Amino acid sequence: MDRIRVVMAKPGLDSHYRGTMVVSRYLVQQGMEVVYVGNQTSDQIVRTVLAEDADVLGLSSLSGNHLVMVPPVLEGLRALGLDDVMVLLGGIVPSADAEELRAAGVHEVFGPGTELAAIAASIREYVDKRGTGLGEVVAEGIRRP
């Protein structure tokens, strides 16, 4: 059965991984397939998204490197024709930076305290709009009739 495929990564040397692990675990419980790759360079992240045929890329930044590390990921995805991959960013991102990153191609920016259900709902909504039908997968991994 096809499931929503999510790659979760920490761009650069950010070692604050707890939130990424919590989100990853929740998405798995919601029936999504999650590949957690931890700390990676921008190129490594893009290659993983391609290799895993991911629908979604979740990036986490708690060390303030988001304006340096995220744009090269977006550029790499575009260069490989992966414009349809949803890019999410979680972490501590000032509002002005979040707007700049959204303008560059990040679909959603989630800060600390975001409800996990909101993240999963955002993913499902995007995948449904993209037209794959994978957004209908429920927590048990069974499609709705």
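I take a pocket, on a 1 Å grid over the protein atoms alone, to be an open set of points where a 1.4 Å probe fits, with protein on both sides within 12 Å along at least five of seven lines, and lining residues to be those with an atom within 4 Å of a point. The model is predicted, so I note that local features need pLDDT of at least 70 and side-chain atom pairs pLDDT 80 or more, whereas totals for chains, interfaces and linings use all residues. Residues are numbered from 1 along each chain as its sequence is written, and side-chain values use heavy atoms, without hydrogens and water.

Entry on the pocket. I looked up the largest pocket and found 24 lining residues, with Gly19, Val23, Gly90, Gly91 and Ile119 nearest its centre. Its volume is about 400 Å³, taken as the space filled by probe spheres set on the points, which are joined across faces, edges and corners. By class I read 15 nonpolar, nine polar and no charged residues in this lining; Gly counts as polar here. Among the elements that each supply at least two lining residues are β1 (5-11), β4 (86-91) and α5 (116-130), while α1 gives the most, with five.

Entry on the helices. I then asked how α1 and α5 cross: their axes come within 10 Å, at roughly 60°, and are therefore oblique to each other (neither under 35 degrees, nor over 145, nor 65 to 115). The contact (heavy atoms within 4.5 Å) is made by Val22, Val23, Tyr26 and Leu27 of α1 with Leu116, Ala117, Ile119, Ala120 and Ile123 of α5. I class these contact residues as nine nonpolar, no polar and no charged.

Definitions and conventions:
Helices (H or I, at least four residues) and strands (E, at least two) are DSSP runs, numbered from the N terminus. Axes are lines fitted to C-alpha atoms, for helices over the stretch in contact, and angles run from 0 to 180 degrees between N-to-C directions.
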